[in-house]
Amino acid sequence: MSKVGIREVAKLAGVSTGTVSRVLNDHPSVTKELRARVTAIIKDLGYTPDPSARSMRGKVSRLIGIVIPDLTNPFFAELVQSAEQAAANHGYNIIVMTSFDHAAKEADRIKQLTSRKVDGIMLVPSNDFHTLKLPKGLPIVVVDRLMPGYSGIAADHRDGVRLGVEHLLQLGHRRIGFISGPGHSVPANDRLRGYLDAIEQAGEQAGDTRTAGPPLIAEAAFDYESGRSAGNYLLARARNERPTAIFASSDQQAIGCMRAAHDLGIPIPAALSILGFDGIPLASMTTPRLTTVKQPIQDIAAAAVAVLLNKQTAPDLDNPILFACEILKGETTAPPQPD
């Protein structure tokens with residue numbers, strides 16, 4: 001059976017090949033009724049546009065490039081999956097590349113994607129992005145780790161942590177430990193500021209200076225083992241001095257901290273509450289089920305794709321789009337026990 005071409009689609013639909021092309025390119029000039037009719041015929045015939053031919057004609061590639069620091073991180077994996085779904089909804093495909101959190105590799109990946117004539121790039125920058133120079137003339141949206149001078153989309157990390165601290169305060173916790181992220185990470189610093197803001201505000205309102213300060217903060221990478229080490233550090237003190245709750249800057253850290261508490265014989269949440277951040281699927285699989293502050297990953301990815309495809313206005317350079325977080329209550333937070 002010979003391959004169906006655009007002329008066959010146009011003939012059956014009673015329109016020109018240009019109209020079929022506009023339907024395929026999601027052009028706003030096409031009416032809803034006409035779009036539905038042509039789309040139905042495309043589906044019935046099994047017509048698939050030739051991307052190489054389209055590129056030769058100078059049309060869009062219908063490809064979006066995505067550069068992330070680490071594909072093994074569940075947060076980035078979910079971000080990519082959400083972006084792929086959002087792109088597919090507009091008839092686009094994605095190409096994913098990993099920078100291994102290194103600016104030189106990141107620049108190389110962006111160069112490769114540019115040579116493949118992608119229609120735009122969704123970039124989660126490496127932590128040493130200060131040395132990175134992005135190409136001009138290609139739509140690029142920075143996601144999660146915001147960069148000065150570029151359009152950015154992220155969760156409101158600072159306010160999300162404030163929300164989590166308030167949850168622990170409402171349960172009655174006052175010694176709240178915090179596992180921060182790496183000091184060179186933009187989201188980690190935003191989350192740390194959110195924690196310090198909430199603790200300071202709570203102390204001022206209650207006239208209570210016993211809330212957690214620097215001694216109850218441990219800096220760690222966002223992974224499981226680092227969270228476990230940080231948990232051991234925070235819990236290695238007398239019962240009346242150790243935190244009654246620990247807020248981790250990532251779910252992976254929180255799960256590592258849960259392991260540390262288990263090894264020390266500290267029951268969760270009876271003797272220790274633990275709260276994570278991200279809302280990755282793994283958080284719902286722990287025992288007990290992790291309470292976490294969820295980032296709206298699907299909304300972030302969908303907005304980034306929409307901006308790249310001119311379906312949504314790009315955010316101002318100094319005014320990023322920030323999505324609100326929410327608490328997913330699990331089984332790892334409860335009121336503290338008396339000392």
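**A parallel sheet and its surrounding loops**

Strand β1, spanning residues 63-68, pairs with strand β3, residues 120-123, in the parallel sense over 4 bridges. The model described here is predicted, and this pair of strands makes a friendly starting point for a tour of it. Along the pairing, Ile64 has Gly120 of β3 as its bridge partner, while Gly65 stands opposite Ile121 in β3.

Strand β3 also pairs with β4, residues 140-143, again in the parallel sense, here over 3 bridges. Ile121 takes part in this pairing too, standing opposite Ile140 in β4. In a regular strand, side chains alternate between the two faces of the sheet. Both faces of β3 are covered: Gly120 and Met122 lie on one side, Ile121 and Leu123 lie on the other, and all of these residues are buried.

Stepping back from β3, the wider sheet comes into view. It is an open sheet of 6 strands, ordered β2-β1-β3-β4-β5-β11, with parallel pairing. The edges are held by β2 (93-98) and β11 (321-323); each has a single partner strand, so one side of each is left without a neighbour in the sheet. On average, neighbouring strands of this sheet are turned by 20 degrees against each other, direction ignored.

The loops offer some backbone details for the reader to look up in the structure. Most residues other than glycine have a negative phi, and most peptide bonds are trans. Phe100 is not a glycine, yet its phi is positive, at about 55 degrees. This residue sits in the loop between β2 and α6 (103-115). Phe100 has a relative accessibility of 57%, and because exposed means over 50%, it counts as exposed.

Lys117 also has a positive phi, near 55 degrees, and is a residue other than glycine. Its place is the loop between α6 and β3, on the way into the strand with which this description began. With a relative accessible area of 59%, Lys117 is exposed.

Two cis peptide bonds complete the picture, each leading into a proline. The bond from Ile268 to Pro269 is cis, with omega near 5 degrees, and Pro269 is found in the loop that lies between α10 (251-263) and β9 (273-278). The bond joining Thr287 and Pro288 is cis as well, with an omega of about -5 degrees. Pro288 belongs to the loop between β9 and β10 (291-294).

Definitions and conventions. Residues numbered from 1 in each chain as written. Predicted model: local features only at pLDDT ≥ 70, side-chain atom pairs only at ≥ 80, totals over all residues. Heavy atoms only, no water. Pairing = 2+ DSSP bridges. Helix = DSSP H or I, 4+ residues; strand = E, 2+ residues; numbered from the N terminus. Axes fitted to C-alpha atoms, helices over the stretch in contact; angles between N-to-C directions. Buried < 20%, exposed > 50% of the residue type's maximum accessible area, 1.4 Å probe, protein only.
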